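User: Hi! Could you walk me through this structure? I'd like to see how the pieces fit together.

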Amino acid sequence: YEIMPSLVGSEMCIRDSRHPVIEKQLPLGEPYIANDVYLDDEKQQIIIITGPNMAGKSALLRQTALITLMAQIGCFVPAESAHIGIVDKIFTRVGASDNISVGESTFMVEMNEASDILNNMTSRSLVLFDELGRGTSTYDGISIAWAIVEYIHEHPNAKAKTLFATHYHELNEMERAFKRIKNYNVSVKEVGNKVIFLRKLIPGGSEHSFGIHVAKMAGMPKSIVKRSNEILKQLESENRQEGITGKPVKAIASAAEGYQLSFFQLDDPVLSQVRDEIKNLDVNNLTPLEALNKLSEIKRIITGK
């Protein structure tokens, strides 16, 4: 734990930063993967962070906020070194929640908080956005996120230092047009059909979200994982401009298996037994009475009655 306070400079340079709470909760002997964070007013004012869920984007945003706050009160910080100027405000738009007591949706809460940030930030502020725009349609979300990042970059008086974590890989294109925007990603490694989360922040954008891998890890039925991969390949093979609204969707829908067929792929012993019962039937030599009896037997297998 070390801190090098700076009352004059406005840059933020944190080497090997860690999250103090998560680090304490790790299993004995498991090291916390530390990361460097650098922000300034001239070369790297805004960092666009891409990477899959569970990779560590949110943890990185939170630990940066915590370290900044701890430094402002003169506390030691969980990092090898930290050079942090005076920060007047820490703004965060992290997490998703409705405000049903006043009839506000998740997206309305997002927009209210984002509006407060944009109307009150200064050049000494630290702004953290996590998945802004996910509460609305894809194109709306991308458009709003792009416009907000652009506004922060182009603001004549309040060039707030910003970390913007997103699934919208389209925002990586902003690095080409805006000199103080830089792309980073929280790295992962594919080994066979598995994804290993390296939790290391590295330069460059990420082009793959690994969402289907995460769904598989969560125990999603194999038929859904398989079908998701088929749909993803079909969407990626088509022109992105047609994408969600054009021809590919009709083709995807027409190829849908439906629950009636795909349920046979589930790893459920009861459904496997039903499948075997049906497969072993000799339909051509089955009398109507035998068919009714077999149907009754299958129903007992499913319902247990």
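Analyst: Happy to! A residue is called buried here when its relative accessible area is under 20%. By that cut-off, 36% of the 305 residues of the protein count as buried. Please keep in mind that this is a predicted model.

User: Thanks. How many helices and strands are there in the protein?

Analyst: The protein has eleven helices and ten strands. Of the contacts with a separation of 6 or more, 67% are between residues 24 or more positions apart.

User: How many aromatic pairs turn up in a search of the whole structure?

Analyst: The search finds one aromatic pair. Its rings belong to F129 and F164, with centres 5.5 Å apart and planes at 50°, so the pair is tilted.

User: Why "tilted" at 50°?

Analyst: Planes under 30 degrees apart would be stacked and those over 60 edge-to-face, so what remains is tilted. The 50° between F129 and F164 therefore makes a tilted pair.

User: Where do F129 and F164 sit in the chain?

Analyst: F129 is in strand β7 (residues 126-130) and F164 is in strand β8 (residues 161-165). They are 35 residues apart, and the pair links distant parts of the chain.

User: Is F129 buried or exposed? And what about F164?

Analyst: F129 has 0% relative accessibility, so it counts as buried. F164 also comes out buried, at 0% relative accessibility.

User: Back to β7. How many bridges pair it with β6?

Analyst: Four bridges, and β6 and β7 pair in the parallel sense. One of the partners is a residue you've met: R93 has F129 as its bridge partner in β7.

User: Which residues of β6 are on its covered face?

Analyst: F91 and R93 are on the covered face of β6 (residues 90-93), while I90 and T92 are on the uncovered one. In general, side chains in a regular strand alternate between the two faces of the sheet.

User: Now helices. What should helix α4 span?

Analyst: α4 (residues 138-154) has 17 residues, so at 1.5 Å a residue the expected span is 24 Å. The C-alpha atoms at its ends are 24 Å apart, which agrees.

User: Which residues are buried in α4?

Analyst: The buried ones in α4 are G141, I142, A145, I148, V149, I152 and H153. Looking down the helix axis, they fall within an arc of 135°, so they line one face of α4.

User: What do they pack against?

Analyst: The buried residues of α4 pack against β4, α3, β7, β8, α5 and β9.

User: You mentioned α3. Which residues are buried there?

Analyst: In α3, V109, E110, M111, A114, I117 and L118 are buried. Their cover includes β6, β7 and α4. For its 15 residues, α3 should span 21 Å at 1.5 Å a residue, and its end C-alpha atoms are 22 Å apart, which agrees.

User: And β4, what does it pair with?

Analyst: Strand β4 (residues 46-50) is joined to strand β9 (residues 181-191) by five bridges, and the two run parallel. I46 of β4 stands opposite I181 in β9. From there, β9 is joined to strand β10 (residues 194-203) by seven bridges, this time antiparallel. V191 has K194 as its bridge partner in β10.

User: Tell me about I46. Is it buried or exposed?

Analyst: I46 counts as buried, with 0% relative accessibility. Apart from neighbours within four places in sequence, I46 is in contact with V149, I152, H153, T162, R180, I181 and K182. Of these, V149, I152 and H153 are among the buried residues of α4. The C-alpha atoms of I46 and E150 are separated by 9.8 Å, with their positions 104 residues apart along the chain.

User: Change of topic: where is H19 found?

Analyst: H19 is in the loop between β2 and α1. H19 has 7% relative accessibility, so it counts as buried. Its side chain reaches the backbone nitrogen of I22 at 3.3 Å.

User: What else is H19 in contact with?

Analyst: Beyond neighbours within four places in sequence, H19 is in contact with Y32, A59, R62, Q63 and L66.

User: Last one: which residue follows α11?

Analyst: G304 follows α11, and its phi is positive, near 75°.

Definitions and conventions: Residues are numbered from 1 along each chain as its sequence is written. This is a predicted model: local features need pLDDT of at least 70, side-chain atom pairs count only at pLDDT 80 or more; totals for chains, interfaces and linings use all residues. Side-chain values use heavy atoms; hydrogens and water are left out. Rings of Phe, Tyr and Trp (its six-membered ring) pair if their centres lie within 6.5 Å; planes under 30 degrees apart count as stacked, over 60 as edge-to-face and the rest as tilted. Buried means under 20% relative accessible area, exposed over 50%, partly exposed in between (1.4 Å probe, protein chains only). Two strands pair if DSSP finds at least two bridges between them. The expected span of a helix is 1.5 Å times one less than its number of residues. The arc is that of the directions from the helix axis to the C-beta atoms. Contact means heavy atoms within 4.5 Å. A polar contact is a pair of N or O atoms within 3.5 Å; within protein, one must be able to donate a hydrogen and the other to accept it, and residues adjacent in sequence count only if both atoms are side-chain atoms.
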